[in-house]
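Welcome! Take a moment to look over the protein shown here, and then we will walk through it together.

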Amino acid sequence: MNPASWQAMHSFTRDSSVTSQRLKPGTVRRIASYARPYRGDLVLFMIATSLDAVVTVAVPLLLGLIVDKIEAKDTRAVLTIAGVVAGVALFDAFLSIAQRWYSARVGEGLIYDLRTEVFRHVQQQPIAFFTRAQTGSLVSRLNSDVIGAQQAITSTLSGVVSNALSLILVLAAMFYLSPLVTLAALVLIPVFILPARALGRRMQRLTRESMQLDAAMGSTMTERFNVAGAMLVKLFGRPAEEADVFSGRAARVRDIGVVTAMYGRVFFIALVLLASMATALAYGLGGALVIGGSISLGALVALASLLSRMYGPITALSNVQVDVMTALVSFDRVFEVLDLKPLIGDRPGATALPRTGPATTASLAPPGELAPPDAMSTPDVMSTPDAMSTPDALAALAPDIEFDHVSFRYPAASEVSLASLESIALPAPEHTGASQQVLRDVTFRAPPGRLTALVGPSGAGKTTITHLVSRLYDPGQGVVRIGGHDIRDVTQDSLHDVVGVVTQDAHMFHDTIRANLAYARPGASGAELEQACRAAQIWDLIAALPDGLDTVVGDRGYRLSGGEKQRIALARLLLKAPSVVVLDEATAHLDSESELAVQRALKTALAGRTSLVIAHRLSTIREADQILVIDDGQVRERGRHDELLAAGGLYAELYRTQFASQEPLPAA
């Protein structure tokens with residue numbers, strides 16, 4: 001089958017419902033802006049495509065001319081035309097290479113431009129976007145939709161131009177040679193097109209079902225093949241049931257593949273049969289015309305050859321609306337993501353947040369100890385032994401954190417996400433009234449260089465407060481300040497340089513320990529990595545591993561224990577050397593040795609830094625310079641451990657229910 005026939009069959013498998021979708025105004029003009037950088041290559045591509053269409057018509061005409069010259073016994077003319085045919089064949093081969101070259105340049109360039117732009121844009125979205133969007137849908141926008149958009153400029157555009165031009169030239173040549181034979185051949189077209197459309201609708205349904213099943217199997221594999229999913233399946237003893245469900249879906253995909261393959265073969269057989277019937281008609285009717293002297297034998301040969309080049313373009317163009325809309329909708333789906341405005345962004349004129357406090361490798365030494373001489377080489381105010389000798393000296397340089405009458409609610413789906421990126425559609429719009437307020441008129445100050453602990457019942461708003469400090473969200477009312485600066489007035493890069501965060505479940509990439517540590521400071525030397533790990537009380541364990549820092553931690557760091565992961569996360573924090581630390585302590589139970597190691601690492605990480613810690617360990621709470629008791633989105637109590645315990649309020653109740661069991665047993 002020639003390329004036009006393949007394209008025709010593929011066109012009929014596409015979902016015709018796409019033609020009912022409405023594109024946003026200006027979509028075509030916006031698509032043109034992406035093609036503009038490649039306009040030179042596109043022009044050459046279209047010229048090569050157009051010349052190829054001309055060659056498609058020229059070859060049958062030359063063959064017919066040869067036949068006439070053979071009948072005339074004109075040897076010289078026969079040899080000359082045969083040479084021209086050979087030259088045209090070589091030229092056509094060159095055109096095919098040129099088309100592929102320019103198509104690849106334009107297509108791959110567009111894929112690169114769109115993928116990188118979508119990736120950068122998605123990274124700028126707030127964390128709320130990722131809590132709602134389905135990962136598979138996002139990946140689809142970066143893969144399937146971007147490739148579909150690229151095909152709008154390459155495959156679809158070239159196919160429409162090539163098929164349209166070929167059809168015009170073929171029909172013109174056929175009508176010139178014999179209008180009667182041409183009209184007779186055109187009468188056969190509905191005999192093929194109407195059954196092909198019915199077959200295409202059936203193939204569309206099967207293709208859509210197959211894609212849905214493939215997506216379901218992909219989602220199943222993604223969930224079951226990570227460590228947590230695999231562990232859940234094994235612990236609940238249901239691997240056989242999981243395998244049965246998966247095999248059922250795979251079997252349906254197999255069956256659909258068999259049926260689709262047969263439908264495809266029927267389509268090709270029908271197209272070949274149509275061409276054969278038309279050829280028989282052409283030779284029967286045309287042969288009579290040759291005998292009657294109306295046309296020459298060469299014209300009949302040319303007509304028969306042109307017939308095989310007519311039905312492919314006609315079939316493809318009969319479904320051109322579906323092809324064009326499918327490609328345009330892919331662009332529209334990509335633009336849908338690009339048009340989603342990030343809620344968090346740098347204001348015009350935003351300035352850099354000054355970096356103060358521990359900011360060099362010197363600060364990695366445990367409190368009260370000097371860093372090794374080679375770690376004191378960074379030319380900074382903090383690089384002198386006197387400056388680093390005491391935590392109080394460090395604390396004097398750290399900024400404070402201030403919440404000034406802050407109220408906050410989490411944004412609704414319509415503000416941060418797209419319905420097409422979420423796996424679940426709500427039956428009614430979400431409520432966004434005052435009852436959804438998570439924080440209400442929160443006011444406090446975390447002193448510079450000191451530890452402020454957040455405690456309270458689950459869902460009280462502790463995590464939300466830490467999210468506002470690192471500006472994962474902006475408050476609805478009030479101001480969050482660091483070092484006296486409204487964090488909305490400073491650049492995000494400088495804010496994230498000053499604020500270091502360690503989450504409760506410290507995330508590790510499926511990479512080496514070295515790569516996970518260097519994510520905080522890509523240029524860190526091996527000595528700096530070792531120093532940070534020693535300060536985080538994790539170096540001895542890493543050094544004992546066969547591959548040391550080059551040990552792969554596994555998916556999400558599952559090859560490490562909870563305490564080991566948290567200490568590596570603290571080492572990563574120390575490499576970043578922020579002035580402000582936001583920490584959500586791990587709630588997982590640790591053995592006494594790990595607990596002691598984590599506490600030592602925490603003491604190093606928090607020394608001289610302004611620290612805001614969601615505390616789950618009594619040892620951390622006892623050492624806090626200030627405890628804020630959060631309940632129902634408000635600061636209910638504040639003070640130190642002994643003061644709050646003596647007051648007999650909410651903190652005392654939390655102590656009895658959550659922390660009293662952590663008290664060390666009295667000595668025997």
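Below is a short tour, from the whole protein to a few aromatic residues and then to a sheet.

Please keep in mind that this is a predicted model. The protein has 668 residues, and 45% of them count as buried. Its secondary structure consists of 26 helices and 10 strands.

**The whole protein**

- The protein exposes about 33000 Å², and carbon and sulfur atoms supply 60% of that area.
- Among contacts in the protein with a separation of 6 or more, 80% are between residues 24 or more positions apart.

**An aromatic cluster**

- The count of aromatic pairs comes to nine, and Phe331 and Phe335 form one of them.
- How are the two rings of Phe331 and Phe335 placed? Their centres are 5.5 Å apart with 35° between the planes, and the pair is tilted.
- To find this pair, look for helix α14, which covers residues 320–338 and holds both Phe331 and Phe335. The two residues are four positions apart, about one turn of the helix.
- Are these two residues buried or exposed? Phe331 has 0% relative accessibility, so it counts as buried. Phe335 is buried too, because its relative accessible area is 2% and the cut-off for buried is under 20%.
- Tyr34 joins Phe331 and Phe335 in one aromatic cluster.
- Phe335 also has a charged partner: Arg30 lies over the face of its ring, at 4.2 Å from the ring centre.

**An open sheet and a helix across it**

- Now turn to an open sheet of four strands, whose order is β2-β1-β4-β5 with antiparallel pairing.
- Which strands stand at the edges of this sheet? They are β2 (437–446) and β5 (485–486). Each has a single partner strand, so one side of each is left without a neighbour in the sheet.
- Strand β1 covers residues 401–409 and pairs with β2 in the antiparallel sense over six bridges.
- You can trace a bridge between these strands yourself: Arg409 has Gln437 in β2 as its bridge partner.
- Helix α17 (residues 462–469) lies across β1, β2 and β4, the last of which spans 477–482. The helix runs at about 115° to β1.

**Try it on the model**

- Start at Phe335 and find the ring of Phe331, then look for Tyr34 in the same cluster and for Arg30 over the face of Phe335.
- Next, follow the sheet in the order β2-β1-β4-β5 and find helix α17 lying across β1, β2 and β4.

Technical notes:
Residues are numbered from 1 along each chain as its sequence is written. This is a predicted model: local features need pLDDT of at least 70, side-chain atom pairs count only at pLDDT 80 or more; totals for chains, interfaces and linings use all residues. Side-chain values use heavy atoms; hydrogens and water are left out. Buried means under 20% relative accessible area, exposed over 50%, partly exposed in between (1.4 Å probe, protein chains only). Contact means heavy atoms within 4.5 Å. Accessible areas come from the Shrake-Rupley method with a 1.4 Å probe; for residues, only the protein chains shown count as cover. Rings of Phe, Tyr and Trp (its six-membered ring) pair if their centres lie within 6.5 Å; planes under 30 degrees apart count as stacked, over 60 as edge-to-face and the rest as tilted. A charge sits over a ring if NZ of Lys or CZ of Arg is within 6 Å of the ring centre and within 35 degrees of the ring normal. Two strands pair if DSSP finds at least two bridges between them. Axes are lines fitted to C-alpha atoms, for helices over the stretch in contact, and angles run from 0 to 180 degrees between N-to-C directions.
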